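Okay, thanks for coming, everyone. I'd like to walk you through some side-chain contacts, so have a look at this one with me.

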Amino acid sequence: MNETRESDDCIVPKKEANKAVTRVVAAESLEVSRSAKRNPQEQNTDRAQNRETVEHALERIRNAVRRDRKKRLSTLWHHVYSEATLQEAYWRLNPTSSPGVDGQTWQGYGERLDERIRDLSGKLKGMGHRPQAVLRRYISKENGDQRPIGMPVLEDKIVERALVMVLEVIYEEWFENFSYGFRPGRSQHNALDAVYMGITCRKVNWVLDADLSGCFDTIDHDWLVRMLEHRIADKRVIRYIIRCLKAGVVEDGQWHEQIRGTPQGGCISPLLANIFLHYALDGWVKKWRKTKAKGDVIVVRYADDFVIGFQYQNEARQFEKELLARLEEFGLKLNEEKTRLIEFGRYAAKDRHARGQRKPETFDFLGFTHICGKDRKGRFQLKRKTIGKRMRRKLLSLKIEMQKRRNWSIPEMGRWLTRVLIGHYRYYGVPGNYRSLHGFRQAVMMLWRRWIIRKSQRSKGGYRRMYRLGKRWLPNARICHPYPSERLCVI
């Protein structure tokens, strides 16, 4: 392992002795556990009391971190195996998620919830619970590759969620402000707003659109453990996380050891990835911007996808060169197909026109294509529209799903398509994207017309009828999000 050389925010120093111990009162349940099969009002009362107990315990941890940011926390495990924390973690899980190798579902586990949580808490207290292997499945990506998705067993999800609840309180105090992925109170649209405001309000002339290649699958376990030990001195927390990393995966009925990476699909994987990237990337970028950059530099990162804007081209090229070396030190690398340095910004179109070049290139980020455009008065305006490939892929998946629902009635199909369109508008309904939203609605209507024609022996899919059905069931395209400047003022 390489010796550490840089500052506290950029890279992990050698393991230091914990000279000060932060004592935190354990989060205990306020009432005696009872059977899960009881009055729903009693269940809601117990859950509210448990949530209050957990929030009180987490607030104690947060205050301890704020009092002394240099201390390593050594008494955390009792918060994880607390019955109140485990029950709250169970309720925060997705009830419809796929089961793991044991086949245990969320509903089935809740039939004897109190008894099972009590048993799980006892095992965790004595470190007797060992995570099981993760069931691996694959989903298709836009470029045709397969993305591995892991499905842990339900009890492992509960423990991981409890760990996330405790560790998030600690690391949220250290994460950089330009990191938006998988963090409480932050979303994709917050990252999109940051990119919009950074390009329109700062001196940005060059944009590095970068993407890490297989970030979740290439995280080095040794580096990750060292990074965790930088803040966490409780050996039981570290030991359990190591067990999760070494549990392996089950694929086609065969167990495989996992030497690197964290399984995508687990509750704790996004947080571990953020911790790894905080030390490997975020802290280094912050220091580089402060010490080496002479012009404006903006940074926005969402998980393994990030956008960096520069004022000067030579600084952008120098940063890209040093970034490759930095990532290689931690076993990471950039996706060459998705990483580009392009001329982009308020003066990009004017400068390129003066050199006899075509209009500026575009870049994709979080589902939107960003374009150098102009408003009605001829001033620069950053325009965003739905990525064409993503829209076509969505329409193809809708076509397949509609074929599976051929026996549905028209009202049933209309209600389902209404939910599809509303969900699409809620994400892609940003200012300036109305044309793409309207085009998506028209394409959905044509798919529905084809579905009606194939469903019936007689052709009943005339355009007049489709217009009436669309007016009845398909909501019109609408913008659901304000301009980034308005939302940031509210925040």
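**Salt bridges first**

There are 24 salt bridges in this structure, where a salt bridge is a side-chain nitrogen of Lys or Arg within 4 Å of a carboxyl oxygen of Asp or Glu. Quick housekeeping: this is a predicted model, so local features need pLDDT of at least 70, side-chain atom pairs count only at pLDDT 80 or more, and totals for chains, interfaces and linings use all residues. Residues are numbered from 1 along each chain as its sequence is written, and side-chain values use heavy atoms, with hydrogens and water left out.

Let's start with Glu-55 and Arg-92, a salt bridge whose closest N and O atoms are 3.4 Å apart. Where do Glu-55 and Arg-92 sit in the chain? Glu-55 is in helix H1 (residues 40-67), while Arg-92 is in the loop between helix H3 (83-91) and helix H4 (106-109), so to speak distant parts of the chain, 37 residues apart. By helix I mean a DSSP run, H or I, of at least four residues; strands would be E runs of at least two, and the numbering goes from the N terminus.

Buried, partly exposed or exposed: which is Glu-55? Glu-55 is partly exposed because its relative accessible area is 37%, and Arg-92, at 39%, is partly exposed as well. The cut-offs are under 20% for buried, over 50% for exposed and partly exposed in between, with a 1.4 Å probe and protein chains only.

That pair doesn't stand alone, by the way: Glu-55 and Arg-92 belong to a network of salt bridges together with Arg-47, Arg-51 and Glu-88. In that part of the model, the C-alpha atoms of Glu-88 and Ala-48 are separated by 9.2 Å, with their positions 40 residues apart along the chain. Ala-48 is in helix H1 and, at 37% relative accessibility, is partly exposed.

Next pair: Glu-173 and Arg-66 make a salt bridge at 3.2 Å, N to O. Glu-173 lies in the loop between helix H6 (154-171) and helix H7 (188-201) and Arg-66 in helix H1, so this one ties together parts 107 residues apart in sequence. Arg-66 has a relative accessible area of 48%, which means partly exposed.

And then Asp-234 with Arg-236, a salt bridge at 3.4 Å, N to O. Asp-234 is buried, at 3%, whereas Arg-236 is partly exposed, at 28%.

**Now the rings**

How many aromatic pairs does the structure hold? The count is 18, taking rings of Phe, Tyr and Trp (its six-membered ring) with centres within 6.5 Å; planes under 30 degrees apart are stacked, over 60 edge-to-face, and the rest tilted. Take Tyr-90 and Trp-91: they are edge-to-face, 5.3 Å centre to centre with 75° between the planes. Tyr-90 is buried at 2%, while Trp-91 is partly exposed at 27%.

Trp-408 and Trp-416 are edge-to-face too, at 6.4 Å centre to centre and 85° between the planes. Here Trp-416 is buried, with 12%, and Trp-408 is partly exposed, with 26%.

Back to Tyr-90 and Trp-91 for a second: along with Trp-106 and Tyr-109, they form one aromatic cluster. So, on the slide, look for the four rings of Tyr-90, Trp-91, Trp-106 and Tyr-109 as one group.

That's what I've got, happy to discuss.
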